[in-house]
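Me: I'd like to learn how to read salt bridges off a structure. Can you walk me through it with this one?

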Amino acid sequence: MLERTARKNRTEVTFVLPPEEPAGDVSVVGDFNDWTPGAHRLTPRADGNRAVTVRLEAQRVHEFRYLAAGDYWFNEDQADGREGVNSRLTT
């Protein structure tokens, strides 16, 4: 799930996943963090889900994927589209 909040010249995007789906550590990687695993790890929040908030430049299209333990890559079902194997997000 994606939660978006518009700010001046930026959009805060919170990437949210269920507590155990998939199991283990998960990070969001994309063009906004040079595809660096672990740069934006999802952490537990009060409702039990895991999440991380990333500030992205507004009025751009960003590509990203999730990376879970065991080199398991997957996409966001609520993304704005796809570019090849990557999810797309428009801010």
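**Salt bridges and their partners**

Reply: Let's start with one residue: Arg7 is partly exposed, at 47% relative accessibility (buried is under 20% relative accessible area, exposed over 50%, partly exposed in between, with a 1.4 Å probe and protein chains only). This is a predicted model, where local features need pLDDT of at least 70 and side-chain atom pairs count only at pLDDT 80 or more, while totals for chains, interfaces and linings use all residues. Residues are numbered from 1 along each chain as its sequence is written, and side-chain values use heavy atoms, leaving out hydrogens and water.

Me: Which residue does Arg7 meet in a salt bridge?

Reply: Side chains of opposite charge can pair when their charged atoms come close. Here, a salt bridge takes a side-chain nitrogen of Lys or Arg within 4 Å of a carboxyl oxygen of Asp or Glu. Arg7 pairs with Glu12 at 3.6 Å, N to O, and Glu12 is buried at 16%.

Me: How many salt bridges does that rule give?

Reply: The count is 8. One of them joins Glu3 and Arg45, with the closest N and O atoms 3.1 Å apart. Glu3 sits in strand S1 (residues 2-7) and Arg45 in the loop between strands S4 (43-44) and S5 (50-57), so this pair ties together parts 42 residues apart in sequence (strands are DSSP E runs of at least two residues, numbered from the N terminus).

Me: Are Glu57 and Arg60 buried, exposed or partly exposed?

Reply: Glu57 is partly exposed at 39%, and Arg60 is partly exposed at 35%. Their side chains meet in a salt bridge at 3.4 Å, N to O. Elsewhere, salt bridges with shared partners link Glu3, Arg45 and Asp47 into one network.

Technical notes. Helix = DSSP H or I, 4+ residues; strand = E, 2+ residues; numbered from the N terminus.
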